[in-house]
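Q: I have a structure open and want to go through it piece by piece. Can you start with the charged pairs?

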Amino acid sequence: MLGFLKRPVVMTTDINLNVVVLTGVGLLSRLWRLTYPRAVVFDEVYYGQYISFYMKRVFFLDDSGPPFGHMLLALGGYLGGFDGNFLWNRIGAEYSSNVPVWSLRLLPALAGALSVPMAYQIVSELHFSHCAAMGAALLMLIENALITQSRLMLLESVLIFFNLLAVLSFLKFSNSQKHSPFCLSWWFWLTLTGVACSCAVGIKYMGMFTYLLVLGVAAIHAWHLIGDQTLSNVCVFCHLLARAVALLVIPAVLYVLFFYVHLILLYRSGPHDQIMSSAFQASLEGGLARVTQGQPLEVAFGSQVTLRSVSGKPLPCWLHSHQSTYPMIYENGRGSSHQQQVTCYPFKDVNNWWIVKDPGRHQLVVNSPLRPVRHGDIVQLVHGMTTRFLNTHDVAAPLTPHSQEVSCYIDYNISMPAQNLWRVEIVNRESDTDVWKTILSEVRFVHVNTSAVLKLSGAHLPDWGFRQLEVVGEKLPRSYHGSTAWNVEEHRYGKSQEQKERELELHSPTQVDISRNLSFMARFSELQWKMLTLRSDDSEHKYSSTPLEWVTLDTNIAYWLHPRTSAQIHLLGNVVIWASGSLATAAYALLFLWYLLRRRRHVCDLPEDAWQRWVLAGAVCAGGWAVNYLPFFLMEKTLFLYHYLPALTFQILLLPVVLQHINDHLCRSQLQRNLLSALVVAWCSSACLVSNALRPLTYGDKELSADELKALRWKDSWDILIRKN
């Protein structure tokens with residue numbers, strides 16, 4: 001039984017030295033002098049702030065994408081011992097000694113380096129030659145824009161890595177499908193495809209483009225499986241179930257998990273809190289939580305409350321009033337009621353306090369026993385500091401004339417009676433007997449006399465309204481909207497009936513009685529919605545560009561300038577590679593259309609296996625370029641050259657594929673093949689020369705002359721090449 005111990009245990013493995021060499025060269029190109037420059041470069045000023053927030057566990061919100069990419073960068077800072085203490089206030093600021101620059105830039109650099117051998121493997125898995133695979137890897141290696149982007153604390157190289165990993169994993173899974181379905185490697189590559197897709201989406205929403213591409217190719221494969229008569233119904237069902245779990249369920253679970261870790265790490269109040277709801281803010285340690293933690297939960301008649309607009313647009317604000325009145329005559333000649341102004345004020349203020357009064361009683365305090373306010377109850381809202389009642393009437397609002405003016409009623413004895421009864425409607429109630437709750441309940445106030453709904457219009461009042469936000473009575477609300485909903489943020493039970501004592505009470509901090517928590521799913525849903533709907537400042541940037549300018553490379557970005565010398569770093573692509581990639585994409589589209597038309601006429605220029613290989617390569621490479629590029633024409637946001645880099649990587653993969661196809665199927669004679677080979681050699685030499693010429697702008701480690709500094713666009717880069725030769 002122990003005979004196997006008499007012989008040594010031997011394990012053999014195949015090592016592709018090409019992949020090893022490409023990995024080593026890729027690491028050298030990305031990691032060489034990684035700490036230079038030791039200064040904040042372009043968007044490092046933003047990502048660095050987020051890393052500091054992670055180190056200090058302070059909540060933040062970035063509308064550019066989910067948090068997985070930020071957490072990867074923060075992981076580099078954590079491994080380097082970064083404590084988060086650095087002021088990320090300007091581009092070019094010198095890093096202090098406590099900032100581990102090498103560690104912070106390491107993960108993007110590794111992702112950029114590993115993309116080189118991954119390009120080789122993708123072309124190989126598409127069943128093209130070793131030379132074509134080497135060509136794709138070498139183009140990834142020498143492309144200047146990819147080198148520049150991967151050597152900095154930025155996310156594009158990490159996004160590209162997971163895009164390529166998703167494609168490579170699916171191709172390996174697809175090839176395993178032909179030989180040994182449901183084996184260990186089959187499951188591994190299928191699962192890794194879903195994980196990589198989720199990571200790509202978790203870094204930036206742009207990753208969704210490649211995810212949809214993979215889902216599209218997987219759907220076509222699944223459709224062919226359904227039609228395979230050699231498979232039983234049970235086998236087909238298992239195939240479809242495995243794909244659904246790996247490509248739909250696992251990515252969704254991982255995506256939620258990213259946010260779970262994000263919210264677990266960031267549990268402290270921070271500068272972005274005001275964007276979130278009161279309930280979200282109260283779930284964070286410090287900030288609003290110190291004020292609201294343990295407030296009375298149930299709003300009762302006599303409660304003193306501050307009412308925050310649920311929408312938070314255009315600014316988070318609170319229902320507010322003050323002594324000033326509306327002007328009798330507006331600038332356009334319209335008249336007003338000259339009543340006390342009611343606005344929405346974006347700052348904490350004692351004039352934000354209101355008292356919930358029972359219309360049938362005079363008391364402004366909470367009686368015993370407690371009488372909570374329920375859905376459907378009629379209330380009056382009394383302004384705490386002026387004791388005037390919230391009122392609306394058939395008078396046009398100052399800036400929104402189709403809506404009613406909202407005011408605090410002043411009795412001028414001019415036959416304009418008070419109309420100050422409001423019905424409380426709890427929007428997120430579970431039943432019609434729900435009690436109005438602090439922070440948790442979203443309520444609408446419906447005016448009893450006119451059925452108008454209290455609404456934040458969002459318009460800024462003129463100087464007479466102190467530039468505060470207009471509040472109106474919406475006569476015919478079309479549907480529920482956050483601008484018509486309010487929630488109680490600060491709350492206390494009123495104890496003083498006398499006005500002076502009540503004013504002192506309103507100035508004092510709220511009391512602590514009980515605590516409450518917001519569930520993870522509620523916080524996840526709110527954070528996800530804010531990220532998708534929050535619009536950042538889309539003002540024109542000095543280096544912004546259009547998608548058409550990317551293809552022609554008629555744009556660049558100055559990332560960094562040495563404060564004392566002329567050394568600098570620019571995001572500038574290799575014109576030979578970019579132009580060749582565009583030509584290859586156009587050539588593929590024309591050839592595919594030509595073959596398709598001829599096949600429709602039953603003329604098959606390619607053998608069936610070559611045709612299938614050609615179609616798959618186009619779906620992956622040309623399709624990858626299209627889905628990562630064309631959507632930007634529909635986006636209304638500030639765009640930069642680096643947005644094109646994910647699409648460029650797929651063009652780079654397509655270029656050697658098209659060249660091999662031309663050599664194998666379109667060159668009819670040896671002379672034509674020799675001529676094509678000579679052109680490819682000349683083209684490769686040109687690409688290497690241009691890459692070397694642009695090297696000072698890629699690494700920024702060399703002083704440049706005045707003439708060389710002019711070469712910031714592709715048309716000027718030829719001048720550098722000519723001068724060097």
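**Salt bridges and other local features**

A: Glu490 and Lys348 make a salt bridge, with the closest N and O atoms 3.4 Å apart. The model is a predicted one.

Q: Where do Glu490 and Lys348 sit in the chain?
A: Glu490 is in strand E12 (residues 486–493), and Lys348 is in the loop between E3 and E4. The two are 142 residues apart, so the pair links distant parts of the chain.

Q: Is Glu490 buried or exposed?
A: Glu490 counts as buried, because its relative accessibility is 13% and the cut-off for buried is under 20%.

Q: And Lys348, how accessible is that?
A: Lys348 counts as partly exposed, at 43% relative accessibility.

Q: How many salt bridges in the whole structure?
A: The search finds 15. Among them is Arg695 with Asp701, at 3.3 Å from N to O. Arg695 is partly exposed at 29% relative accessible area, and Asp701 is partly exposed at 22%.

Q: Which residues are joined into one network?
A: Arg308, Lys348, Glu489 and Glu490 are joined by salt bridges that share partners.

Q: What does Glu608 pair with?
A: Glu608 forms a salt bridge with Arg599, and the closest N and O atoms are 3.2 Å apart. Glu608 counts as partly exposed at 44% relative accessibility, and Arg599 also counts as partly exposed, at 23%.

Q: Switching to the interior. Which residues touch the most other members of the largest nonpolar core?
A: Phe59, Phe162, Tyr559, Trp578, Trp614 and Leu653 do, out of 146 residues in that core.

Q: Which helix gives the largest share of this core?
A: Helix H7 (residues 156–179) does, with 13 residues.

Q: What about a second core?
A: There is a separate one of 30 residues, which includes Leu381, Val424, Leu456 and Trp486.

Q: Why do nonpolar side chains end up together like that?
A: In soluble globular proteins, nonpolar side chains tend to be buried together.

Q: Back to Trp614. What is it in contact with?
A: Leaving aside neighbours within four places in sequence, Trp614 is in contact with Tyr588, Leu591, Phe592, Tyr595, Leu606, Val657, Val658 and His661.

Q: Which nonpolar residues form a patch on the surface?
A: Phe237, Leu241, Val245, Leu248, Val249 and Val253 form one, with about 550 Å² of accessible area together.

Q: Where is Val245, and can it count towards a patch? Why?
A: Val245 is in helix H10 (residues 233–265). Val245 has a relative accessible area of 37%, and patch members need over 30%, so it qualifies on that count.

Q: Any annotation to go with this? What does the record say about MIR?
A: The unreviewed UniProt entry carries the annotation "domain: MIR" over residues 296–359, 370–427 and 431–491.

Q: What is the secondary structure of residues 296–359?
A: That span is 0% helix and 41% strand, and its end C-alpha atoms are 22 Å apart.

Q: Same for residues 370–427, what do they look like?
A: Residues 370–427 are 0% helix and 40% strand, with the end C-alpha atoms 23 Å apart.

Q: Backbone next. Which peptide bonds should I look at for cis?
A: The bond from Tyr36 to Pro37 is cis, with omega near -5°. The bond from Ser368 to Pro369 is cis too, with omega near 5°.

Q: Where are those two prolines, Pro37 and Pro369?
A: Pro37 lies in the loop between helix H1 (17–31) and helix H2 (44–56). Pro369 is in the loop between strand E4 (353–357) and strand E5 (378–383).

Q: What about positive phi outside glycine?
A: Phe42 has a phi of about 45°, and it sits in the loop between H1 and H2. His338 has a positive phi near 60°, in the loop between strand E2 (318–325) and strand E3 (340–345).

Q: Phe42 and His338, buried or exposed?
A: Phe42 counts as buried, at 5% relative accessibility. His338 counts as partly exposed, at 26%.

Q: Last one: where is Ala626, and how far is it from Leu104?
A: Ala626 is in helix H17 (residues 608–629) and is partly exposed, with a relative accessible area of 21%. Ala626 and Leu104 are 522 residues apart in sequence and 32 Å apart in space, C-alpha to C-alpha.

Key:
Residues are numbered from 1 along each chain as its sequence is written. This is a predicted model: local features need pLDDT of at least 70, side-chain atom pairs count only at pLDDT 80 or more; totals for chains, interfaces and linings use all residues. Side-chain values use heavy atoms; hydrogens and water are left out. Patches are made of residues with over 30% relative accessible area and no salt bridge: like charges are joined within 9 Å, nonpolar side chains (Val, Leu, Ile, Met, Phe, Trp, Tyr) within 5 Å. Accessible areas come from the Shrake-Rupley method with a 1.4 Å probe; for residues, only the protein chains shown count as cover. A salt bridge is a side-chain nitrogen of Lys or Arg within 4 Å of a carboxyl oxygen of Asp or Glu. Helices (H or I, at least four residues) and strands (E, at least two) are DSSP runs, numbered from the N terminus. Buried means under 20% relative accessible area, exposed over 50%, partly exposed in between (1.4 Å probe, protein chains only). A nonpolar core is a set of buried Ala, Val, Leu, Ile, Met, Phe, Trp, Tyr and Cys residues joined through side-chain atoms within 4.5 Å. Contact means heavy atoms within 4.5 Å. UniProt positions are given in the numbering used here, feature names are shortened, and annotations may be inferred rather than shown by experiment.
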